[in-house]
Amino acid sequence: MGIRIRNVTPEQFDETVGALAGISGFEKENQNKIKPLDMKTELSRYRKEAKEAREYGIEMHESIEQRKGFVYQMNGISDYQNKNFDSAKEKLLKAMELGFYSPGGTEYLAKIYRKEKDYLSEIKILENSISNLKNENAMKQSQNNVLKLEERLAKAKILLDKSRK
């Protein structure tokens, strides 16, 4: 026995089978939401990974501060998706304070500043993030995303100029 889904439209291709079948708990709005991470669990996982790496003579390329930053960022994105913008902003800024920069986290924080019409803060965070991302060798795969941030930066500068007139 299984679930048979017929007549799926192109808009529905990314939906889960459960959502298409109308099964409770698989609603479309919950599909792409990020679940908050538990800091204690993630740091415990990091310590275990670091210990195993040391046993094999492997050097970790991620510091514990970066892992903390990752957790703050993921929880900030989760808060943003749940429309808790003040908490999201606080966590995304904390991630960056800890040296964790990513195009995704920067984009969410920039969106918050844009909603607040705080173009100066948006520009500042975009410039800082772009600089950090360009300097990180590990982020080479994200250069396309850096270009998107640069486009957003140009638009924010235009909006700032317009707001001053």
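Okay, before anything else, a quick definition: accessible areas here come from the Shrake-Rupley method with a 1.4 Å probe. With that in hand, the accessible surface of this protein is about 11200 Å², and carbon and sulfur atoms own 50% of that.

Now, please keep in mind that this is a predicted model. The mean pLDDT is 84, with 78% of the residues at 70 or more. If we go element by element, α4 has the highest mean, 97, while helix α1, residues 17-21, has the lowest, 53. Where pLDDT is low, don't read the predicted coordinates in detail.

So what's in the fold? You'll find seven helices and zero strands. Of the 165 residues, 33% count as buried. And if you take the contacts with a separation of 6 or more, 52% of them join residues 24 or more positions apart.

Let's go inside. The largest nonpolar core has 23 residues, and the ones touching the most other members are L92, L109, I125 and L126. Helices α3, α4, α5, α6 and α7 each give two or more residues to this core. Take L92: leaving aside neighbours within four places in sequence, L92 is in contact with Q73, G76, I77, G105, Y108, L109 and I112.

Next up, α6. How far apart should the ends of its 17 residues be? At 1.5 Å a residue, α6 should span 24 Å, and its end C-alpha atoms are indeed 24 Å apart, so the two agree. Its buried residues include I125 and L126, the two we just met, along with Y119, E122 and S129. The buried residues of α6 pack against α4, α5 and α7.

Last topic: aromatic rings. The structure has three aromatic pairs. In one of them, F70 and F100, the ring centres sit 5.8 Å apart with the planes at 70 degrees; edge-to-face means over 60, so that's what we call this pair. F70 is in helix α3 and F100 is in the loop between α4 and α5, 30 residues apart. Buried or exposed, what's F100? F100 counts as buried, at 17% relative accessibility, whereas F70 is partly exposed at 29%.

Then there's Y80 with Y108: centres 4.9 Å apart, planes at 65 degrees, so again edge-to-face. Y80 belongs to helix α3 and Y108 to helix α5, 28 residues apart. Y80 is buried, at 12%, and Y108 is buried too, at 19%. Add F85, and Y80, F85 and Y108 make one aromatic cluster. Remember Y108 from earlier? Y108 is also one of the contacts of L92.

Key: Residues are numbered from 1 along each chain as its sequence is written. This is a predicted model: local features need pLDDT of at least 70, side-chain atom pairs count only at pLDDT 80 or more; totals for chains, interfaces and linings use all residues. Side-chain values use heavy atoms; hydrogens and water are left out. A nonpolar core is a set of buried Ala, Val, Leu, Ile, Met, Phe, Trp, Tyr and Cys residues joined through side-chain atoms within 4.5 Å. Buried means under 20% relative accessible area, exposed over 50%, partly exposed in between (1.4 Å probe, protein chains only). Helices (H or I, at least four residues) and strands (E, at least two) are DSSP runs, numbered from the N terminus. Contact means heavy atoms within 4.5 Å. pLDDT is the predictor's confidence in each residue, from 0 to 100. The expected span of a helix is 1.5 Å times one less than its number of residues. Rings of Phe, Tyr and Trp (its six-membered ring) pair if their centres lie within 6.5 Å; planes under 30 degrees apart count as stacked, over 60 as edge-to-face and the rest as tilted.
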